[in-house]
Amino acid sequence: MTLELPDEAATARLAVSLLDALPAELAGWTILLSGDLGAGKSTFARALIRALGHSGAVPSPTYTLVEPYELPRVCVYHLDLYRVTGEEELRYLGWNELDSGFRLVEWPDRAPSLAQSADIAIEFAYSGEGRRAGLEGLSERGAEAIGRLRRTEKANQENQ
Ligand SMILES: Nc1ncnc2c1ncn2[C@@H]1O[C@H](COP(=O)(O)OP(=O)(O)OP(=O)(O)O)[C@@H](O)[C@H]1O
Ligand SMILES: [Mg+2]
């Protein structure tokens, strides 16, 4: 599914819509956020983390690699693998310990094996002054969620 995101607010709205399309239990889910520098990955992650109840800052995990958020519904792990150069670095990151959380991963291409256990891939791209997002379900439950998102987006467009 491809969606046009004319401004930053549209990217944030997509995060909220995706959250609505996910099941109540978010533990163990992985969402991959890819796209060029400045394509809107962190904007999306920040909106999703805030929609889950976080009210403070959402710093970029570029240097820390992972920023954890203990939120009422789930523990969120926001990862940015831009500086990761090899899969083995993920071991130091304690990827397996993050299993119980809800993972949002920027620059997942740095560790291709991640995609094997991921649920949803979102690819952001520049589109004129705005951005465009391509969404794909990678797991069965991820594909179901994208199906729900597609139906609500379609209904929203028809109501406009
Ligand atoms: N749909 C949109 N339309 C226009 N501008 C947007 C949109 N989404 C985000 N932006 C803007 O793009 C800029 C970069 O966004 P962001 O930091 O989220 O990108 P990123 O993909 O995380 O980049 P990086 O790879 O450097 O981490 C921000 O100034 C943000 O406001
Ligand atoms: Mg970013």
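# Ligand 1, a magnesium ion and a few loops

Student: Where is A118 found?
Tutor: Start with the elements: strands are DSSP runs of E with at least two residues, helices are runs of H or I with at least four, and both are numbered from the N terminus. With those labels, A118 is found in the loop between β5 and β6.

Student: Before we go on, what kind of model is this?
Tutor: Residues are numbered from 1 along each chain as its sequence is written, with chains lettered from A and ligands numbered from 1 in the order in which they are written. Side-chain values use heavy atoms, leaving out hydrogens and water, while local features need pLDDT of at least 70, side-chain atom pairs count only at pLDDT 80 or more, and totals for chains, interfaces and linings use all residues, since this is a predicted model.

Student: Back to the loop: is A118 buried or exposed?
Tutor: The scale is relative accessible area with a 1.4 Å probe and protein chains only: under 20% is buried, over 50% is exposed, and partly exposed is in between. A118 has a value of 3%, so A118 counts as buried.

Student: Which residues does A118 touch, not counting residues up to four places away in sequence?
Tutor: Contact here means heavy atoms within 4.5 Å. On that basis, A118 touches T30, L32, L138 and S139.

Student: L138 is on that list; is L138 buried or partly exposed?
Tutor: L138 sits in the loop between β7 and α4 (140-159). Beyond four places in sequence, L138 contacts L32, A115, A118, D119, I120 and A121. Its relative accessible area is 35%, so the label is partly exposed.

Student: Over to ligand 1: which residues are the closest?
Tutor: A residue is near ligand 1 if one of its heavy atoms lies within 4 Å of it. By that rule 18 residues surround ligand 1, and the closest are E8, T11, K41, S42 and T43.

Student: How far is an oxygen atom of ligand 1 from an N or O atom in the side chain of T43?
Tutor: Let's go through the pairs, starting with T11, where a side-chain N or O atom is 2.8 Å from a nitrogen atom of the ligand. For K41, an oxygen atom of ligand 1 is 2.7 Å from a side-chain N or O atom. With T43, the distance from a ligand oxygen to the side-chain N or O atom is 2.6 Å.

Student: What percentage of ligand 1 does the protein bury?
Tutor: Accessible areas come from the Shrake-Rupley method with a 1.4 Å probe, and for residues only the protein chains shown count as cover. Ligand 1 taken alone exposes 650 Å², and the share the protein buries is 74%.

Student: Which element supplies the largest share of the shell around ligand 1?
Tutor: α1 (8-21), α2 (41-51) and β7 (130-137) each supply at least two residues. The largest share is three residues, and they come from α2.

Student: Which elements do the buried residues of α2 pack against?
Tutor: K41, T43, F44, A45, A47, L48 and I49 are the buried residues of α2. They pack against α1, β2 (30-34), β3 (66-70), β4 (75-80), β5 (102-106) and β6 (120-127).

Student: Which residues are the protein donors of the magnesium ion?
Tutor: Donors are N, O and S atoms within 2.8 Å of the metal (3.2 Å for Na, K and Ca), and sites may look incomplete because water is not among the atoms. The donor atoms, OG and OE, lie 2.0 to 2.3 Å from the ion and belong to S42 and E106.

Student: How many residues apart is that pair?
Tutor: S42 is in helix α2 and E106 in strand β5, and the pair links distant parts of the chain. E106 is also buried, at 2% relative accessible area. Along the chain, the two donors are 64 residues apart.

Student: Next door in sequence, what is the phi of W107?
Tutor: W107 lies in the loop between β5 and β6 and counts as buried at 13% relative accessibility. Although W107 is not a glycine, its phi is positive, at about 55°.

Student: And what is the phi of L65?
Tutor: L65 lies in the loop between α2 and β3 and is buried, with a relative accessible area of 16%. L65 is a residue other than glycine with a positive phi, near 70°.

Key
A polar contact is a pair of N or O atoms within 3.5 Å; within protein, one must be able to donate a hydrogen and the other to accept it, and residues adjacent in sequence count only if both atoms are side-chain atoms.
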